[in-house]
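Open the model in your viewer and keep the selection panel at hand. The tour below says what to pick at each stop.

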Amino acid sequence: MKLVEGGWPGGTTLEATLPGGYYTSPPMFQRELERIWFTTWLCAGRVDQIPHTGDFLAHQVGDESIIVVRGRQGGINAFYNVCRHRGARLCTEEAGTFKGGLIRCPYHSWTYDTSQGALVAAPNVPEDRELFDKARFPLVSLRVQTWEGYIWVNFNPQAPALEAALGLPASNAYYERYHVGDLTVGKVISYEVNANWKIVMENGLECYHCLHIHPELSRCTPPLLPRHWLHDDLPETKVFKHSGGMELAPGFETATLDGRPRRPRFPDLAAPDRRTIYYAFIYPQMLLAFAPDYVFFFAVWPLAVDKTKVWAYWLFEPSVVAGANFDPSDAVDFWDITNRQDWQACALVHQGNQSRAYRSGGVLIQNEWRVTKFKRYVLEELEERDGEPPRKPAG
Amino acid sequence: MKLVEGGWPGGTTLEATLPGGYYTSPPMFQRELERIWFTTWLCAGRVDQIPHTGDFLAHQVGDESIIVVRGRQGGINAFYNVCRHRGARLCTEEAGTFKGGLIRCPYHSWTYDTSQGALVAAPNVPEDRELFDKARFPLVSLRVQTWEGYIWVNFNPQAPALEAALGLPASNAYYERYHVGDLTVGKVISYEVNANWKIVMENGLECYHCLHIHPELSRCTPPLLPRHWLHDDLPETKVFKHSGGMELAPGFETATLDGRPRRPRFPDLAAPDRRTIYYAFIYPQMLLAFAPDYVFFFAVWPLAVDKTKVWAYWLFEPSVVAGANFDPSDAVDFWDITNRQDWQACALVHQGNQSRAYRSGGVLIQNEWRVTKFKRYVLEELEERDGEPPRKPAG
Amino acid sequence: MKLVEGGWPGGTTLEATLPGGYYTSPPMFQRELERIWFTTWLCAGRVDQIPHTGDFLAHQVGDESIIVVRGRQGGINAFYNVCRHRGARLCTEEAGTFKGGLIRCPYHSWTYDTSQGALVAAPNVPEDRELFDKARFPLVSLRVQTWEGYIWVNFNPQAPALEAALGLPASNAYYERYHVGDLTVGKVISYEVNANWKIVMENGLECYHCLHIHPELSRCTPPLLPRHWLHDDLPETKVFKHSGGMELAPGFETATLDGRPRRPRFPDLAAPDRRTIYYAFIYPQMLLAFAPDYVFFFAVWPLAVDKTKVWAYWLFEPSVVAGANFDPSDAVDFWDITNRQDWQACALVHQGNQSRAYRSGGVLIQNEWRVTKFKRYVLEELEERDGEPPRKPAG
């Protein structure tokens, strides 16, 4: 792919979408959980959301609930949200603090350390290692890595390291001048969308719909202005994808409803960066948008074949967030309005994708070349392995 | 069958109902969709409901949504409610008007003609037929016919024409003096019933329950008064069925709560017609009731194995509807009360049919001979074809 | 097992719980219905709840609804809640009175006797035994027995008699001094719990959780006080299980929030009984608690794999209930508070048991030896029979 101004970098041929059943079949959803969600690095938030011992975040994938917690030794750890004794859910909140840095099961008070997940107390069980060895019953842990302030978890103990999966640092070199690792979360919002997770991601992967459902976004970064596509030789991996940038409309200095500057720009930006909103994607889950004075991103979490949770985050300079009158509402409103427009469209797509008339799917035009890339990723992940015959969606 | 006054035209033997699993098994429901609902002419309303270009009605069968629309060339057309681009639901209203006679997808504004379903605009797609030929992406259409003012649709492109299926005009000759094609819809009500669609139809097919749950109906047309059965040699088809008539009670001049005349009788009625409410059925969906001064009918639409939508319509002379003080409430209340009594009973039947004690079903008495006919129709439609082995309900 | 004060009568080895799928897999739930619930004696309430002809109780197991009714000949009978004609649910109330001791179907008024379930009236069906023999269409009955004032039903016509299943009278000899057969229901409460029925039973089978979630119960009968275990040679059967007793705390004279005596003790109690709350269990369903002045018990009914109904009953001396100012609230509040704490814990267990991290289950410690017994009962009931291969849970 070459650097193209306002062209179609995806080539000139049309491409079929995934068949409708990929979005609506429960067995396909189960397959995706196993092939994608339980083997891939997932972004579970930002390290500064859980600064103190015992601070935690909880996330859900299908019926799985996981806890991401700041451990007593200062590191961040992740565990299945399941007691090893009788299987009770350990916590039902989405965020909070475990007192004393210990996770206490609400049923029989079995108590686990937040560093290794070690069972440190099982009340009234005889203290006799021959009879009951606490070392046999730690919480089941997930792998955790952090990078640029993002927390990453992986259900798969054998997965390649995060750096390999994301192709770091090369993949991210283009965005380094935003110093995302130094930024602080200024706002978090979660949404539940009545659509398959891929519909939510595919919606984020194309701006063909922007002119039609996003008047606010289109005023700020008109879809018909020249776009700044990135060189094809920018390093990518299977999951880390570059998307290019959209130019701010005259009079707009950042991605907000009125475009007025309300906080300092990031200091290291080059001149074009000050007039551009860049986008990047990390499959299967994330959209990232780099504005001159803040970074927005979201991560999708599939709850069911037809229901998806989206966590959205707004990042700012720490000094901005710490300011006496910190008010992120200009940036928050801009994306919150845009997100809600998207989720409504996604629900309509999910409904229609159930139809017999969509069994063989629809069509992707040139402007949707990023959706085509994503489709190929999904198909590659789902394809047969270990000599297993390929499956078709049940729909 | 001979003309019988107050007798049992169905013969003297008892008949088993369908087994309980036919009403409650999700795989059976899927089979019915394929074998009955997606191959049969279905009544989608009345032509005078959508008089102007772009006026539409939407209906649902299982997860399928369809649009019936008055096209720009004046005809009535039907389409799957699914955009060909990314599969979005095109409209979520049950009735309304597409502006300009064009159906615009709410996602990317692909725009379709209401006459042929042709894709007339795909914004920002290069206008190059080599790259993107709009002719390849029309809406998927359903067959449409009209007859006597009813709109009929069929998912099956190979189905015999409506006239053949309904046996027209012979089947309908008996009711021609009501001039239904000239009547106008005066009221429409839709209901959601918590029961399988066959339970709803079977309820309409027998008046054995009338004395027990319909005091208003029974006062008007007492079930124990002589009935006017129709000659067996009246032409019928697999789906068009005659039922005979019920005599109005003394003091009642039409099918309303008090029986008082509030509008002129239809002009061509014979003397007996003025004292009789005639019934006819069109499988799998319709009950029609002919009163001296109005026609009532309903059409059932299966939403799920245990949920059915019923559209009910009241038809009057156009001059009556156009009258300054048009008030159909006497006719509407009569059937609305009766319908709600029926839907409550149907829900109880659905609940009980789930039982192990009903696995082999129940019994149809002589008075329920129309239900027996309907059962045979269902079994015939569901039976094996093309060498496929017969299926049993999962229940 | 020996008489042990404060020890672990269950042995010293740890035991695995059932795998998570046993609690969450719909096919496993269906198998349990067939293997346990439709072949075992179930407690449907107390005879004094339905003293008069036509008085009834209704219960649900999965999709099955049953009616337990005082018949016209004075006995108690049970029937599937399904009309033999078209399969309608006969009644939708959980308790009430059938007028005239006759069960009239709300659809076509087919009317059944409450003694034999005989069809006594089918309106407007020709009275001709050649054509329609009413004797062919009685309600489908369940077996019923009563014992000590409890009503028992069994879906299985071939099941051994209640006495054999419960090992009567030997199994119950220990509790005879409570004269439960003479007691009267003073209060009934029903609960819906968002958990598998086994989780509800297992919760009742151990008091390891009491100190952690039941402050009121733990004040009354502190879990760390000596317990009175019963001799191992006390007669038990596969379903009738003894559990031993918990000593009342100083200052408590019965199982209430403040322990103050508010009614006479049962007259035949021995001295230790006056300081002890005894527990017994009848699989798969019942927990019984014997206090010095009242008896509490509950019976669980599985509605779905993840939903369980619990009927709770408080029994008192008839003279107490008949008293002018009868007020059972001290006993009711004590258990109602405790029950609600339990149901909340059970819901957490159900959620966690869905996890991949709980596929092989958890661990039972010595203090949970009654849960181990129950697990073995469940496994024995579910194991293969008639040469059928063993099944594994789908989870």
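Of the residues of chain A, which comes closest to the rotation axis? Select A:Pro26: its C-alpha is at 8.7 Å from that axis. Keep in mind throughout that this is a predicted model.

**Stop 1: the chains and the axis**

Show chains A and B. A turn of 120° with a shift of 0.0 Å along the axis lays chain A on chain B, with an RMSD of 0.0 Å. The two copies are thus related as by a three-fold rotation axis. Now swap chain B for chain C. Chain A superposes on chain C by a rotation of 120° with 0.1 Å of shift along the axis, and the RMSD is 0.0 Å.

**Stop 2: where chain A meets its partners**

Colour the contact of chain A with chain B. Chain A puts in 23 residues and chain B 22 residues. Two elements of chain A give two or more residues to its side: α5 (210-213) and α8 (329-353). Pick α8(A), which gives the most, with six residues. Colour by class next. This side of chain A has 10 nonpolar, 12 polar and one charged residues.

Move to the contact of chain A with chain C. Here 22 residues come from chain A and 23 residues from chain C. The side of chain A that touches chain C holds 11 nonpolar, six polar and five charged residues.

**Stop 3: helix α2 of chain A**

Select residues 26-37 of chain A, which make up helix α2. Which residues of this helix are buried? They are A:Met28, A:Phe29, A:Glu32, A:Ile36 and A:Trp37. These residues cover an arc of only 105° around the axis, which puts them on the same side of α2(A). Add the elements they pack against: α1 (21-24), β3 (55-61), β17 (295-304) and α9 (369-382) of chain A.

**Stop 4: strand β15 of chain A**

Stay in chain A and select residues 276-282, strand β15. Seven of the seven residues are buried, so the strand is largely enclosed by the rest of the structure. Show the side chains. A:Thr276, A:Tyr278, A:Ala280 and A:Ile282 point one way from β15(A). A:Ile277, A:Tyr279 and A:Phe281 point the other way.

Add strand β14 of chain A, residues 240-247. Seven bridges join β14(A) to β15(A), and the two run antiparallel. Find A:Glu247, which stands opposite A:Thr276 in β15(A).

Then add strand β16 of chain A, residues 286-290. β15(A) and β16(A) pair in the antiparallel sense over five bridges. A:Ala280 has A:Leu288 in β16(A) as its bridge partner. How many residues lie between β15(A) and β16(A) in their hairpin? There are three residues between them.

**Stop 5: strand β11 of chain B**

Jump to chain B and select residues 150-154, strand β11. Five of the five residues are buried, so this strand too is largely enclosed by the rest of the structure. Both faces of β11(B) are covered. B:Tyr150, B:Trp152 and B:Asn154 are on one side, with B:Ile151 and B:Val153 on the other.

Add strand β2 of chain B, residues 42-46. Four bridges join β2(B) to β11(B), in an antiparallel run. B:Cys43 stands opposite B:Trp152 in β11(B).

Next, add strand β10 of chain B, residues 141-147. Five bridges join β10(B) to β11(B), again antiparallel. The bridge partner of B:Arg143 is B:Asn154 in β11(B). β10(B) and β11(B) form a hairpin with two residues between them. Stop at B:Glu148 in the turn, which has a positive phi of about 55°.

**Stop 6: an open sheet in chain C**

Go to chain C. Three strands form an open, antiparallel sheet in the order β7-β8-β9. β7 (102-104) and β9 (119-121) of chain C stand at the edges, each with a single partner strand, so one side of each is left without a neighbour in the sheet. From one strand to the next the twist averages 35°. Select β8 of chain C, residues 111-113: two bridges pair β8(C) with β9(C). C:Tyr112 stands opposite C:Leu119 in β9(C).

**Last stop: C:Pro215**

Select C:Pro215 in helix α6 (residues 215-220) of chain C. C:Pro215 has 13 C-beta neighbours inside 10 Å and so counts as partly exposed. Add C:Gln341, 126 residues apart from C:Pro215 along the chain. The C-alpha atoms of the two are separated by 9.8 Å.

Note on methods: Residues are numbered from 1 along each chain as its sequence is written. Chains are lettered from A and ligands numbered from 1 in the order in which they are written. This is a predicted model: local features need pLDDT of at least 70, side-chain atom pairs count only at pLDDT 80 or more; totals for chains, interfaces and linings use all residues. Copies are superposed by least squares on the C-alpha atoms of residues with pLDDT of at least 70 in both. Two residues are in contact if their C-beta atoms, placed from the backbone, lie within 7 Å. Ala, Val, Leu, Ile, Met, Phe, Trp, Tyr, Cys and Pro count as nonpolar, Asp, Glu, Lys and Arg as charged, and the others, Gly among them, as polar. A residue is buried if 20 or more other C-beta atoms lie within 10 Å of its own, exposed if 12 or fewer, and partly exposed in between; C-beta atoms are placed from the backbone. Two strands pair if DSSP finds at least two bridges between them. Axes are lines fitted to C-alpha atoms, for helices over the stretch in contact, and angles run from 0 to 180 degrees between N-to-C directions. The arc is that of the directions from the helix axis to the C-beta atoms.
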